Amino acid sequence: MRVPPPPQPTPPPPPRARPGRPPHAKTAKTPGPPRRLRAWATRAPLLPALIFMIAVTQLPFVATLVISFFDWNALYPDARSFTGFANYTEVLTDPDLRKSVLTTIILTATVVLASLVAGLGLALLLNRRFRGRGLVRTLLIAPFLLVPVAAALLWKHVLYNPEYGLFNGLLHWVGGDSAAQPDWISHTPLLAVEASLVWQWTPFMMLILLAGLQSRDPELIEAARMDGASNWQVFRHLTLPHLRRYLELGALLGSIYIVQNFDAVFTLTSGGLGTANLPYTVYQSFYQAHENGLASAAGVLVVIGSLVIATFALRVVSSLFREEASR
């Protein structure tokens, strides 16, 4: 008996061609713009802002840098001459200018440290839940929102005035007619400037540190309390190390501003009684002595100091962001 052959497998149907496209045809790559051209196309909308920023900030600084190398008095414009680094040498060796540099350092360190300590205390209080916390937070932020000149005038006339100021009024209310009525600005001029700046910058430090407190891990705090840790131990071993970056950020940003502060010194003491800092000395050299070259050299030194502090601030901010992203 003859065995029939096994059935042959049915071949698969040929691939259906897409309409308008031959089968097995490769997709042709449409030529696009070069990568460099596309990169410039994405940056083009930012160019006007960049040009405006350079024209407003960098060109005046370059002009100031050039003037700082000249002996240039505005009263004798035809007698100007190139002196190289003589103006910088005078800034660093003149006793009055060196005193203003020392005053700037003392003023900056005192205001930043005091506002950090006060801001940390207020942040710890506002981190607790209580009725009216939003209203209290708004009221505490208000000093930072004031114009610096307005804040200085408030302290000069409402608080420090020896005749109708609030401080002397409180002394009279407590001690009667025999209470002392000191002239606060004349007796403690540098402390008067520092107090007004601390009052204005404490809310800024409070906001930064409050953000740091609210970013803590609540489970870690709860585990420490379950292990028997006291409030001081939680603050010392958990809260304070967590706030280290925030404290550094607040100190650096505050230092950038206080180094350049002019409003409080000009409004409260007019640079007298040993309160003239470096920005006020620049103002005196430029507008009163008309020494354009010397004032420009002092201004360049202020900018260099601010840039050094800003560099550290940017590093702290970037490391803070890296820590938050790694969590």
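A search of the whole structure, a predicted model, finds 21 aromatic pairs. One of them joins Phe 85 and Tyr 88: their ring centres lie 5.9 Å apart and their planes meet at 50 degrees, so the pair is tilted. Planes under 30 degrees apart would count as stacked, and planes over 60 degrees as edge-to-face.

The two partners sit in contrasting surroundings. Phe 85 is exposed, at 56% relative accessible area. Tyr 88 is buried, at 10%. Both rings belong to one aromatic cluster, which also takes in Phe 69, Phe 70 and Phe 82.

**The chain as a whole**

The protein chain has 15 helices and 2 strands. It runs to 327 residues, and 31% of them count as buried. Its accessible surface comes to about 21,600 Å². Carbon and sulfur atoms account for 67% of that surface. Take the contacts between residues at least 6 apart in sequence: 68% of them join residues at least 24 apart.

**A nonpolar patch**

Which residues make the nonpolar surface patch of about 670 Å²? They are Trp 40, Leu 47, Leu 50, Ile 51, Met 53, Ile 54 and Leu 59. Helix H2, residues 47-67, supplies the largest share, with 6 residues. Met 53 lies in this helix. Its relative accessibility is 45%, so Met 53 counts as partly exposed. That value fits the patch, because patch residues must have over 30% relative accessible area.

**Three helix residues**

Asn 168, Ser 196 and Ile 106 each come from a helix. The table gives their places and accessibility.

| Residue | Helix | Relative accessible area | Class |
|---|---|---|---|
| Asn 168 | H7 (residues 166-175) | 1% | buried |
| Ser 196 | H9 (residues 189-214) | 4% | buried |
| Ile 106 | H4 (residues 95-126) | 37% | partly exposed |

Asn 168 first. Buried or exposed? With a relative accessible area of 1%, Asn 168 is buried, because the limit for that class is under 20%. The side chain of Asn 168 makes a polar contact with the side chain of Trp 184, at 2.9 Å. Trp 184 is also one of its contacts beyond four places in sequence. The others are Asn 161, Pro 162, Gln 181 and Pro 182.

Ser 196 is next. At 4% relative accessible area, this residue is buried too. What lies 2.8 Å from a polar atom of the Ser 196 side chain? It is the backbone oxygen of Val 193. Leaving aside neighbours within four places in sequence, Ser 196 is in contact with Trp 155, Tyr 160, Ala 264 and Leu 268.

Ile 106 sits in helix H4. This residue is partly exposed, because its relative accessible area of 37% falls between the 20% and 50% limits. Not counting residues up to four places away in sequence, Ile 106 touches Leu 190 and Glu 194. How far apart are Ile 106 and Asn 277 in sequence and in space? They are 171 residues apart in sequence. From C-alpha to C-alpha, the separation in space is 9.5 Å.

Definitions and conventions: Residues numbered from 1 in each chain as written. Predicted model: local features only at pLDDT ≥ 70, side-chain atom pairs only at ≥ 80, totals over all residues. Heavy atoms only, no water. Patch = residues over 30% accessible without salt bridge, like charges linked within 9 Å, V, L, I, M, F, W, Y side chains within 5 Å. Areas by Shrake-Rupley, 256 points an atom, 1.4 Å probe, with all protein chains shown as cover. Salt bridge = Lys/Arg side-chain N within 4 Å of Asp/Glu carboxyl O. Buried < 20%, exposed > 50% of the residue type's maximum accessible area, 1.4 Å probe, protein only. Phe/Tyr/Trp six-rings, centres within 6.5 Å; stacked < 30°, edge-to-face > 60°. Contact = heavy atoms within 4.5 Å. Polar contact = N/O pair within 3.5 Å; in protein donor to acceptor, adjacent residues only side chain to side chain.
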